[in-house]
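Please open the model in your viewer, with a cartoon for the backbone and sticks for the side chains, and follow the selections below in the order in which they are given.

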Amino acid sequence: MKVAFSPQVYSDIIGLVDILVAKDYISSYPYAVKYVDDLIDYIVAHVDTRPHKEAPAFFDKYGTNLQYITYNRNHNVTWFILFECYPTEYVVKYITNNQYEGQYFNQ
């Protein structure tokens, strides 16, 4: 199935590169770009194969009937990818991580 990103998620992903470098999470832009590319690749490759969980009600503002998968980048960071399922595609509506909004998920 096709994977699409909402305009807001697309914008957030582009901005993530700058955030990663500015906050010294990653030391340089090439590494930050690679990190974000890996995140996108993971989403595209696994959103239809990983078990889906129902997203917490806190995230209803991003869509209806949201589900999510996780991406454990390393032992410190878990990404939560929230999406809507349609018959022919998945639409990613929001991405967050355990350090920002992890308290809303049952980990």
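Select Val-3 and then Tyr-90, bearing in mind that this is a predicted model: Val-3 stands opposite Tyr-90, which belongs to strand 5. Widen the selection to strand 1 and to strand 5 (residues 89–97), and you will find the two paired in the parallel sense over four bridges.

Next, select helix 1 (residues 7–22), which packs on the sheet and touches strand 1, strand 4 (78–85) and strand 5. If you draw the axes, the direction of helix 1 makes about 45° with that of strand 5. Add helix 2 (residues 29–46), which also packs on the sheet, where its contacts are with strand 1, strand 3, strand 4 and strand 5, and its direction makes about 135° with that of strand 3.

Now show the strands alone. In what order do the five strands of the open sheet run? The order is 1-5-4-3-2, and the pairing is mixed. At the edges are strand 1 (2–5) and strand 2 (53–54), each of which pairs on one side only.

Within strand 3, pick out Thr-70. Is Thr-70 buried or exposed? Its relative accessibility is 16%, so Thr-70 counts as buried, the cut-off for that class being under 20%. Apart from neighbours within four places in sequence, Thr-70 is in contact with Tyr-42, Arg-50, Thr-78, Trp-79, Phe-80 and Ile-81.

Turn now to the aromatic side chains, among which a search of the whole structure finds 13 pairs. Select Phe-58 and Phe-59, which form an edge-to-face pair with 5.0 Å from centre to centre and 85° between the planes. The two partners can be told apart by their accessibility: Phe-58, at 32%, counts as partly exposed, whereas Phe-59 is buried, with a relative accessible area of 0%.

A further edge-to-face pair is that of Tyr-68 and Phe-105, with 4.8 Å between the centres and 70° between the planes. Tyr-68 lies in strand 3 (residues 67–72) and Phe-105 in the segment after helix 3 (98–101), so this pair ties together parts that are 37 residues apart in sequence. Both Tyr-68 and Phe-105 are buried.

To see these rings together, select Phe-58, Phe-59, Tyr-62, Tyr-68, Phe-80, Tyr-94, Tyr-104 and Phe-105, which form one aromatic cluster. As a last stop, add Lys-61, which lies over the face of Phe-58 at 4.2 Å from the ring centre.

Definitions and conventions: Residues numbered from 1 in each chain as written. Predicted model: local features only at pLDDT ≥ 70, side-chain atom pairs only at ≥ 80, totals over all residues. Heavy atoms only, no water. Phe/Tyr/Trp six-rings, centres within 6.5 Å; stacked < 30°, edge-to-face > 60°. Buried < 20%, exposed > 50% of the residue type's maximum accessible area, 1.4 Å probe, protein only. Lys NZ or Arg CZ within 6 Å of the ring centre and 35° of its normal. Pairing = 2+ DSSP bridges. Contact = heavy atoms within 4.5 Å. Axes fitted to C-alpha atoms, helices over the stretch in contact; angles between N-to-C directions.
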